Amino acid sequence: MLKLVIGNKNYSSWSMRPWLALRASDIPFEEVLIPLYTDDPADKQRILSFSHAGKVPALVDGDVTVWDSLSIIEYLAEKFPQAKLWPQDRAARAHARSISAEMHSGFMALRNECGMNLHRPVRPVALSEDARANVARIQAIWAECHQRYGGPFLFGAFGGADAMFAPVVHRFRTYAIPVADKARPYVDAMEALPAFQQWTREGLAETWLIDRFEAV
Ligand SMILES: N[C@@H](CCC(=O)N[C@@H](CS)C(=O)NCC(=O)O)C(=O)O
């Protein structure tokens, strides 16, 4: 059985991405949750025992280990073609991969200023100009996909690109970031997804606190 090593559901946006790809695609897997940034060095050692990168997520499939969220989604797309994690059409697939890579390597200001923290009381923060540009670009991506592919998810049915963008839906809510009408259907679709709801429920039930993420 596949094993997905993840961090706290409340905080770990990178863990959320492949977890959602698996759960929303009904691919069976065992979850190994290791709390992040604890005072116990054994926790970091456990992460390192799964991945020499020392980060979550990591996927273990027999003697194959895949680390880094986007590589895991690529691996799942190859191993489970029936899950259709990437669109069938080559041009749409290139689009899906481009926005997934853009998410993976970009939006630093938004990520730094609005870390995922599900239990944070909803309230706005003063965003930098760069973070505001990130918000506008993300909403433009969602709106363009909705217009081109018809929704409800970015390329129709839920896929890898949606897994990559899902944590942003939480960030927009928690930091009371306004969502434009043209991007709203995507937020609604994501919030109605049972896998998204399950992750959220389980994250909210956690009691670990990471001080540095609570300060924002
Ligand atoms: N680029 C990586 C980022 C992974 C990452 O930064 N994971 C964080 C948690 S969200 C982590 O493992 N932190 C624990 C540590 O550095 O000890 C990915 O896409 O998976």
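Let's start in the loop between E4 and H3, where Asp68 has its place. This is a predicted model, and in it Asp68 takes a positive phi of about 85° although it is not a glycine. Asp68 is partly exposed, because 18 other C-beta atoms lie within 10 Å, and a residue needs 20 or more to count as buried.

A second residue of this kind is Phe107, in the loop between H4 and helix H5 (108-113). Phe107 is not a glycine either, yet has a positive phi of about 55°. Its surroundings are another matter: Phe107 has 21 other C-beta atoms within 10 Å, so it counts as buried.

Now step back to the whole chain. The protein has 10 helices and 4 strands, and from the N terminus on the elements follow the order β-α-β-α-β-β-α-α-α-α-α-α-α-α. Its C-alpha atoms fill a box of roughly 45 × 40 × 25 Å along the principal axes. A compact globule with 216 residues would have a radius of gyration near 17 Å, and the protein agrees because it has 17 Å. Of the 216 residues, 41% count as buried. If you look at contacts between residues at least 6 apart in sequence, 71% of them join residues at least 24 apart.

With that picture in mind, turn to the strands. E1 (residues 2-6) and E3 (residues 58-61) run antiparallel and are joined by 3 bridges; here Val5 stands opposite Ala58 in E3. On to the next pairing: E3 and E4 (residues 64-67) also run antiparallel, with 4 bridges between them, and Leu59 has Val66 in E4 as its bridge partner. The hairpin of E3 and E4 has 2 residues between the strands, and Gly62 there takes a positive phi near 60°.

Just ahead of E3 there is a detail to check in your viewer. Pro57 sits in the loop between helix H2 (41-50) and E3, and the peptide bond that leads from Val56 to Pro57 is cis, with omega near 5°. Another cis bond, with omega near 0°, runs from Gly151 to Pro152. Pro152 is found in the loop between helix H6 (129-149) and H7.

Beyond Asp68 comes H3, so which of its residues are buried? They are Ser69, Ile72, Ile73, Leu76 and Ala77. These residues lie on the same side of H3, because they cover an arc of only 140° around the axis. The spacing fits a general rule: an α-helix has 3.6 residues a turn, so residues three or four places apart point the same way. What covers the buried residues of H3 includes H1, E3, E4, helix H4 (90-105) and helix H7 (160-174).

That brings us to the ligand. Which residues are closest to the ligand? Of the 15 residues that surround the ligand, the closest are Ser12, Trp14, Lys55, Val56 and Ser69. Two of these names have come up before: Val56 precedes the cis bond to Pro57, and Ser69 is one of the buried residues of H3. Helix H1 (13-24) and helix H3 (69-79) each supply at least two residues of the shell, and H1 gives the most, with 3 residues. By class, the shell around the ligand consists of 5 nonpolar, 7 polar and 3 charged residues.

Terms used
Residues numbered from 1 in each chain as written. Predicted model: local features only at pLDDT ≥ 70, side-chain atom pairs only at ≥ 80, totals over all residues. Near = placed C-beta within 6 Å. Nonpolar A, V, L, I, M, F, W, Y, C, P; charged D, E, K, R; others polar. Pairing = 2+ DSSP bridges. Buried ≥ 20, exposed ≤ 12 C-beta atoms within 10 Å, placed from the backbone. Arc of directions from axis to C-beta. Contact = placed C-beta atoms within 7 Å. Rg over C-alpha atoms; globule rule 2.2 N^0.38 Å.
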